[in-house]
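User: I am new to reading strands and sheets. Can you take me through the reasoning step by step?
Analyst: Gladly. Here is the structure.

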Amino acid sequence: MALVERAMVLSIVLVAMHISFSYAAVYKVGDSAGWTTLGNIDYKKWAATKNFQLGDTIIFEYSAKFHNVMRVTHTMYKSCNASSPIATFTTGNDTIKITNHGHHFFFCGVPGHCQAGQKVDINVLKVSPVASSPSPYSSALASPPTVPASNVPAPSSPSNAPPLKFIALKMIMGFWAIPFLVHF
Ligand SMILES: [Cu+2]
């Protein structure tokens with residue numbers, strides 16, 4: 001009996017670890033170039049190569065003397081209208097955690113910078129790899145989890161891929177779940 005309880009606790013801990021570590025990525029806007037008007041960085045292209053998920057963190061790194069970050073509506077984003085932002089960030093190292101789905105529009109509020117291309121749309125899609133991956137318990141009975149081709153991250157993406165150790169943890173968790181399933 002104690003073994004079953006211990007297995008349950010361990011399973012819960014492993015599920016929590018799996019959820020918290022596998023899918024939270026940190027993205028620095030513009031990568032090494034950061035948040036700037038120099039070098040004609042295509043932030044649209046930058047964002048298009050990412051697979052943003054809930055819980056991910058976006059970092060805007062820039063010189064606070066020359067730039068800022070404003071979160072704005074779609075209408076304001078399209079017209080580079082900085083008159084009434086939803087939020088303004090000015091530290092030069094702004095960390096924003098994504099907590100909801102859909103578009104998150106940002107631009108630099110310094111006159112002319114948005115027009116020069118210093119704007120980015122962080123779009124968090126509703127369909128996530130978390131939703132499409134097999135449940136922890138099914139992996140104990142079925143074949144090893146497979147990853148749909150669309151979820152294979154680009155080589156440049158930082159930490160989207162479920163690391164091998166988590167797949168191993170998932171399998172261990174599956175074996176622990178067997179006595180649990182048998183018992184009930
Ligand atoms: Cu700027």
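User: What is the order of the strands in the open sheet of 4 strands, and what is the pairing?
Analyst: This is a predicted model. In the sheet of 4, the order is 4-3-6-7, and the pairing is antiparallel.

User: Why is one side of strand 4 and of strand 7 left without a neighbour in the sheet?
Analyst: Strand 4 and strand 7 (119–124) stand at the edges. Each has a single partner strand, so one side of each has no neighbour there. From one strand to the next, the twist averages 25°.

User: How do you know that strand 3 and strand 4 pair?
Analyst: Count the bridges. Pairing needs at least two. Strand 3 (residues 69–72) and strand 4 (residues 87–89) have 3 bridges, so they pair, in the antiparallel sense. In this pair, Val69 stands opposite Phe89.

User: What makes strand 3 and strand 6 a pair?
Analyst: The cut-off is at least two bridges. Strand 3 and strand 6 (residues 102–107) are joined by 3, so they pass, and they run antiparallel. Met70 stands opposite Phe107. Val72 has Phe105 as its bridge partner.

User: Which strands stand at the edges of the sheet with the order 1-2-5?
Analyst: That open sheet has 3 strands and mixed pairing. Strand 1 (26–28) and strand 5 (93–97) stand at its edges, because each has a single partner strand. Neighbouring strands are turned by 20° against each other on average, direction ignored.

User: How do you know that strand 2 and strand 5 pair?
Analyst: At least two bridges are needed. Strand 2 (residues 57–61) and strand 5 have 5, so they pair, in the antiparallel sense. Glu61 stands opposite Asn93 in strand 5.

Technical notes:
Residues numbered from 1 in each chain as written. Predicted model: local features only at pLDDT ≥ 70, side-chain atom pairs only at ≥ 80, totals over all residues. Helix = DSSP H or I, 4+ residues; strand = E, 2+ residues; numbered from the N terminus. Axes fitted to C-alpha atoms, helices over the stretch in contact; angles between N-to-C directions.
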